[in-house]
Amino acid sequence: MTDPDTRPPAFGWIRRGWRNLREAGPAQLGLTVLLICVALFVARYSWVLPDGEEPTPLTSEAERAFYDLRAYYSADLVEEDKRVVLVVYTDQTLIAARKRSPLDRGLLAKTLRTLDTFEPKAIGIDILFDQPQDEDEELIATLRSMKTPVAIAYAAKATNPDDIEYEQQQFLEAFMARLKGSKAQPASIRLDNTFGATRLWPDIHEGLPPLLGRVMLGEAGERATAFSGYEGAIDYRRPKFQNSVLFPPAQIDLFVDPDPEILPFLKEQYSGKYILIGGDIVDYDRVETTFTSINGEVPAGISVHAEIIAQMLDDRVLTPIPDWVIWIMAVVAILAGIVTALLEWPARRLAMLGMAQLVFFQGTPFMLQFQNVDTYGLPAVGGLVGWILVFTAVTSTARASGAVRRNFATGALGKYIPRDIAQAIIEKPELLNLGGEKREIFVLFSDLEGFTKMSHAIAPEMVAKLLNRYLDLLSQVVLDHGGVIDKFVGDAVVAFWGAPISRADDGTRAAKAGYAMWQAGEAFRREVAAMDANLPLIGKTRVGLHYGEAVIGNFGGATRIQYTALGDSMNTAARLEAANKALDSAVMASSEFAEASGLEWWRPMGRVRLRGRARAVDLFEPAPDFPAEDKAVLAQALAMVTIDQTAAARLVQTVADRHPEDLALGNLARRIDALDEGGTYVLG
């Protein structure tokens, strides 16, 4: 009968953990609940506080650093992007023009006239015309005569307070008004510099012209409807080759009165391109990007606009993560911390589980980033910090009382019985009450051939070393298969399944344990042989398996007890083990055991009368790789031994001839000729 506490342990630890939490007292329980709420808050709002404006102390900077890291290493590696070209004022341009600020508009007017002849798709000017210059009339005339669509930088004091003053905006508005009716259109050059770096597209403000890149693509007839309201992350790319750039700039001087001989070459290079004109000047209009914290580069703002245009051309819309998904991930992180804290596992397993969760929670944002999901704002550090908070809180509460004692008891019992049974005993101490009950159990008895003789030939220290190693190997086999170690008798191991807790698959576990025990014994033989060639040869491990009734319980007195099994089943298993020597076999089971095991790997090995036993036993040997047709022949032969012993012997010999290396099978063929009238072979 299965004990109710042997139900699968999926919820057992929850019941035990909740019991521990309740026993901790209301004050500590209330503190734990408070810390769990704090942990959930941190896991959800580790980027910014709920108002969406203020960065979360401590975690926000770490979140941005992790985001920059995953964005950098997930970025596409591409060659030079020839669709977007940069025409820039450099420090050398300013030196030659003897004018630094504002940028020389005479150069710009001449350059625009030259570029217009190249028939580009669109031109974007990332320069604010916010104060007068002598060349303004020339520039306005040039802009009004342009055949190429031109997007001209626009900024408002309300959205760019650091870039423009009221008087400058007034001049800019007047300048733009003079271009109405031409192909020159205002375009916002506002970039998002939240938290010190341009990671996102700027949010869309009513009354502000569309972004520079949007205007250029729109005027050129490109459809970028997916980006009409996009405010997600800028999908920066990295150069494929070291020391290269995505958008190599050309100095604006090149287009001022160019040599007629190079005009065809320039037209070929710039025809059908998107051209951005602006400054690439040291300490002027430099922008920190997502990659700056990784590679230290601070590019010109014009390069960011080029990246935005390329992102639209490639239709690289990063999929946003819904708010409810972020909440779920935060809740999952907290629940994972609670579950881990409640698990009463060894430190090593807990550490492995913790590492697995760390990989999952930190790896998921990286995986999503590689799948073109916008992970800006997705908590990664917050989940980790929340997990640590809740794990610490629940662990200190759940294990404050009795944890050391409970783990010690479980560990001690686990040396003899499986840990799940040991835990059941910890939870129900009445299982260790003195007394016994009759149970159907699966019994295993093993012995090491020739160990006693060998122990007389080597030093006692080596005997102890070898014996401990051998028993450790076999004990682990029993525990790994869920059995209870009853006792050690010298080098013999006695174990059983079915008590104090029975499982539906106890027979299968016991059968596989018996076979694995023989394999462990073979491994031990090889280990000893490799250890010292002068050591006597170790014999094989023999195993006997039987299923039957026994009295199971705790026997002893008030000061010393032993949990053991008593009865004829134990004796039968011991006799089966001993019979292996005469049968040239290693593992032998009774028919009762084989039938109850639920396995189909058995082959019949005849009927014998064990030494000191009156009742005959039908033998079965585990043979998982033995041909099914040969098993059928053996079964047929053994079924007819009382009818036609000669024919039965002939069939068995036929099978044995097909497996000349199988000593146990050859032994069976010889035994067929020595059966009594009941078809039984009597062991001496």
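This passage describes a parallel sheet, its packing, two helix pairs and two buried residues in a predicted model.

The sheet is open and contains 6 strands. Their order is β5-β4-β3-β8-β2-β7, and the pairing is parallel. The edges are held by β5 (184–188) and β7. Each of these has a single partner strand, so one side of each lacks a neighbour in the sheet. On average, neighbouring strands are turned by 25° against each other, direction ignored.

Strand β2 spans residues 84–89. Of its 6 residues, 6 are buried, so β2 is largely enclosed by the rest of the structure. In a regular strand, side chains alternate between the two faces of the sheet. In β2, V84, L86 and V88 point one way. V85, V87 and Y89 point the other way. Residues of both sets are buried. Strand β2 is joined to β8 (residues 274–279) by 6 bridges, and the two run parallel. Within this pairing, V87 stands opposite I277 of β8. Strand β2 also pairs with β7 (residues 249–251), again in the parallel sense, over 3 bridges. Here V87 stands opposite A250 of β7. V87 thus faces I277 in β8 and A250 in β7.

Strand β3 (residues 122–125) is joined to β8 by 4 bridges, and these strands run parallel. G124 has L276 as its bridge partner in β8. A further 3 bridges join β3 to β4, also in parallel. In β4, the residue opposite G124 is A151.

Strand β4 is buried in 5 of its 5 residues, so this strand too is largely enclosed by the rest of the structure. Both of its faces are covered. V150, I152 and Y154 lie on one side, and A151 and A153 lie on the other; all are buried. Helix α8 (residues 212–219) lies across β3, β4 (150–154), β5 and β8. The helix runs at about 145° to β5.

Two helix pairs were examined. The first comprises α5 (residues 105–116) and α6 (residues 136–145). Their axes come within 8 Å and cross at roughly 20°. Angles under 35 degrees count as roughly parallel. Helices α5 and α6 are therefore roughly parallel to each other. The crossing of α5 past α6 is left-handed. On the α5 side, the contact involves R105, G106, L108, A109, K110, L112, R113 and D116. On the α6 side, it involves D136, E138, L139, T142, L143 and S145. The contact residues divide into 5 nonpolar, 3 polar and 6 charged.

The second pair comprises α22 (residues 628–639) and α23 (residues 645–658). These axes also come within 8 Å, but they cross at roughly 155°. That angle makes α22 roughly antiparallel to α23. Their crossing is left-handed. Helix α22 contributes D630, V633, L634, Q636 and A637 to the contact. Helix α23 contributes A648, L651, V652, V655 and R658. By class, the contact residues of α22 and α23 are 7 nonpolar, 1 polar and 2 charged.

Two individual residues complete the description. E307 lies in helix α11 (residues 301–313). Its relative accessible area is 7%. Buried means under 20%, so E307 counts as buried. With neighbours within four places in sequence set aside, E307 is in contact with I234, D235, Y236, R237, L246, F247 and R316. Charged partners of E307 include D235, R237 and R316.

G498 lies in a loop, between β13 (492–497) and α19 (506–531). G498 is also buried, at 5% relative accessibility. Residues up to four places away in sequence are not counted among its contacts. On that basis, G498 touches R439, I441 and D506. G483 is 15 residues from G498 along the chain. The C-alpha atoms of G498 and G483 are separated by 8.2 Å.

Key. Residues numbered from 1 in each chain as written. Predicted model: local features only at pLDDT ≥ 70, side-chain atom pairs only at ≥ 80, totals over all residues. Heavy atoms only, no water. Axes fitted to C-alpha atoms, helices over the stretch in contact; angles between N-to-C directions. Parallel < 35°, antiparallel > 145°, perpendicular 65-115°, else oblique. Left-handed = near helix turned anticlockwise from the far one by under 90°. Contact = heavy atoms within 4.5 Å. Buried < 20%, exposed > 50% of the residue type's maximum accessible area, 1.4 Å probe, protein only. Pairing = 2+ DSSP bridges.
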